[in-house]
Each structure stands twice: as C-alpha cells, then as structure tokens.
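Thank you all for making the time; I would like to walk through one model with you, slowly, for anyone who has not looked at it before. Please have the picture in view as I talk.

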Amino acid sequence: MYQNWIYILLAAFVLTACGPEAPQEPETGEAPETSETAATEPATEPAEESRLTVAERIDEALAGEHRSSKNASRDNWRHPKETLLFFGLEPDMTVVEIYPGGGWYTEVLAPVSRDEGHLVAAHFNPDGSDYRERSYNNYIDKLEEHPDVYDNVEVISIGGGEELSLGEPESADMVLTFRNMHSFTSAGEEENFFAAAHNVLKPNGILGVVQHRADEGADPMKSVKNGYLPEAFVIEKAEAAGFKLDDRAEINANPDDTHDHPEGVWTLPPSLRLGDEDREKYEAIGESDRMTLRFIKT
C-alpha cells in the first residue's frame, strides 16, 4: 500500500509540472494574433504577373474611345503595336515624342505611360509659321478634349530658329520620331536633332526612328524633296552623333511603294495630294515604304 501512495504522489507531481503555460506576450509587445485579427489582415499585393503587360496596355490604348475612327483606320499601315514593342517601350519610361503633329502616336503613347511614366511632346514652335501655329493649337485642343487620357503629357516647343533642346540632359529613357527626318534634313537640322536626342537621353537610352525610305544609294539631298531618305544616310547621321544601331525591322516596309510619285510621298495616303486623280491606284499602294530603326545611346 505504501508503494501505491508513492506512485499516486509522483503522478500528481508530473501532471502539475507539465501543464499548459500561461500565454506569453510577444517580444514586440503587440497583442497576439487572434482568428479575428488574422481575418482582417490586408491581402498581399497582387503578383507581378497579374499586372497588364505593355502589349496589353497598347491594345487598350488602340481600342480607346479617345481615338478618332480616322486615326484608327491607319493602324494597318502604321503597325503601332509592333513598332512600339520593337522599340522597347515600357510603361514607366520618360518618352519624348518628336513633332507629334495631330497626335496620332500620342493617342497610344499617353495611355500606356499614364500611370507610371511621362510623355513629353516636342511640338512645333507656334511662332515658326502660320501652319506650325495651327498645328500646335490643334494639338493642344486635342489634349484638352480628353484630360483623363492626356494629363501626363508635357508639351514643349522646338524649332523656329532657337537652339534645339529636347529637355534636361539625361532626363529621358526614349526618344521617338515618326516620319520627321525629312523635315529636319530639308531644314539642314538633322545633325542638330541627333545631337539633341543624344543629349536628352540617359546612358543606354533608346532612339526610335520611322522614316519614309528612298531607294538604296539615292542622293539624300534630292530624295528629301519628295519626303524620302536613304536608310544608310539616317544611320550615318545617327552614329556620327554617338548612337549605335541596335536593330532594324521591316515592320513598316511597303514593297508596293516605288518612291517616285508626282507629289512625292504626299501622293500616297493619307495626304493624297492629287485628289481624285488616280486615287484608287494610290490607295491600293497604301502608305509609304518606311525604315524602322532602333538606336542606343553610347
């Protein structure tokens, strides 16, 4: 019997020593998480994969209600999605668009960069001529019609005789020029343009060029009068300013364009300067044959 009591006392001692401890305060001094507080914890941020890709953003911009049907009808000739993806556009970039004209590419660039990036529209100096003043004012009116789309667009004016500047040095990730190199070349300012683009770009920044393309070996001073330039000429001028040709694409090529029309490139759509004369012929040819070049600042 004595041994039985010993066993009972030992069992009671063990149960007391090994019982549950009192709850301990966390080291941070914060209250321990309960099932109620755990249920109200904010969800983690969505995975990176759930965000729209740049291709999807371009698709949304192209389908946006802010675009005119007239502009949208040119998509099959200008290939904006393929062109911008080739240049390497990203939503968080600071992009300088050269001479945006009526804002055809602005309609796409502004929505893509709206949330994370910045778009600088380097338009005509309105003091340069009556045409430039009208073009500049029409562009401003366009932006004001859809402030929800274009509120990230900064408009600056270039040309008109003053020193060409596209912004603070090394402030941009990308400079884009669409069908403008003949204008700079006609004015004898192509070297100034490439120098200004090189100056505004960050190291390894991108210069994207789309330009009406003349026959290989054509005299640029002659072909430019018709709006065309040889591809080799554009590359030579860009590389002389410190750019390196990174790649070229045939996205905007048109083998049906013979480069020898009565009113130059403006014979073709969308200008159609001859009016109804041979209209079906030129509409069948479509927009001009164009080079698409990507340069890197070195």
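Before I begin, one term: when I say that two parts are in contact, I mean that they have heavy atoms within 4.5 Å. Please also keep in mind that this is a predicted model.

Let me begin with the sheet. Seven strands make up an open sheet, and reading across it the order is β3-β2-β1-β4-β5-β7-β6, with mixed pairing. The edges are β3, residues 153-158, and β6, residues 243-249, each of which pairs on one side only. From one strand to the next, the twist averages 20 degrees. As a general reminder, strands of a sheet pair through backbone hydrogen bonds, in either a parallel or an antiparallel arrangement.

Now to β4, for which I would ask: is this strand largely enclosed by the rest of the structure, or open? Six of its seven residues are buried, so β4 is largely enclosed by the rest of the structure. On one side, β4 runs parallel to β1, residues 94-98, and four bridges join the two, with Val96 having Val175 of β4 as its bridge partner. β4 also pairs with β5, again in the parallel sense, over six bridges, and here the partner of Val175 is Leu207 in β5.

At the β6 edge the pairing is of the other kind, since β6 and β7, the latter being residues 290-297, are antiparallel over six bridges; one example is Lys244, whose bridge partner in β7 is Ile296. Packed on the sheet is helix α6, residues 80-87, which touches β4, β5, β6 and β7 and whose direction makes about 25 degrees with that of β7.

Within β7 I would like to pause at Thr292, which is buried, with a relative accessible area of 0%. Setting aside neighbours within four places in sequence, Thr292 has contacts that include Thr83, Phe86 and Phe87, as well as Val209, Val210 and Asp247. The C-alpha atoms of Thr292 and Gln211 are separated by 6.9 Å, although the two residues are 81 apart along the chain.

The next helix to look at is α13, residues 231-240, which lies across β5, β6 and β7 and runs at about 15 degrees to β7. Its buried residues are Glu231, Phe233, Val234, Ile235, Lys237 and Ala238, and these pack against α10, α11, β5, α12, β6 and β7. Just after α13 comes Gly242, with a positive phi of about 105 degrees.

How do α11 and α13 meet, and at what angle do they pack? The angle is about 50 degrees, with the axes 9 Å apart, and the two helices are therefore oblique to each other. Their crossing is right-handed, and the contact is made by Glu190, Glu191 and Phe194 from α11 together with Phe233, Val234, Lys237 and Ala238 from α13.

Finally, the nonpolar cores. The largest has 33 residues, and those with the most contacts inside it are Ile98, Leu166, Phe193, Leu207 and Phe295; helix α11, residues 190-200, gives the most to this core, with five residues. Phe193, leaving aside neighbours within four places in sequence, is in contact with Ile98, Leu164, Thr177, Met181, Phe184 and Leu207. Apart from this core lies another, of 30 residues, among them Leu119, Tyr139, Leu176 and Phe178.

Technical notes:
Residues are numbered from 1 along each chain as its sequence is written. This is a predicted model: local features need pLDDT of at least 70, side-chain atom pairs count only at pLDDT 80 or more; totals for chains, interfaces and linings use all residues. Side-chain values use heavy atoms; hydrogens and water are left out. Two strands pair if DSSP finds at least two bridges between them. Axes are lines fitted to C-alpha atoms, for helices over the stretch in contact, and angles run from 0 to 180 degrees between N-to-C directions. A nonpolar core is a set of buried Ala, Val, Leu, Ile, Met, Phe, Trp, Tyr and Cys residues joined through side-chain atoms within 4.5 Å. Buried means under 20% relative accessible area, exposed over 50%, partly exposed in between (1.4 Å probe, protein chains only). Angles under 35 degrees count as roughly parallel, over 145 as roughly antiparallel, 65 to 115 as roughly perpendicular and the rest as oblique. A crossing is left-handed if the near helix is turned anticlockwise from the far one by less than a right angle, and right-handed if clockwise.
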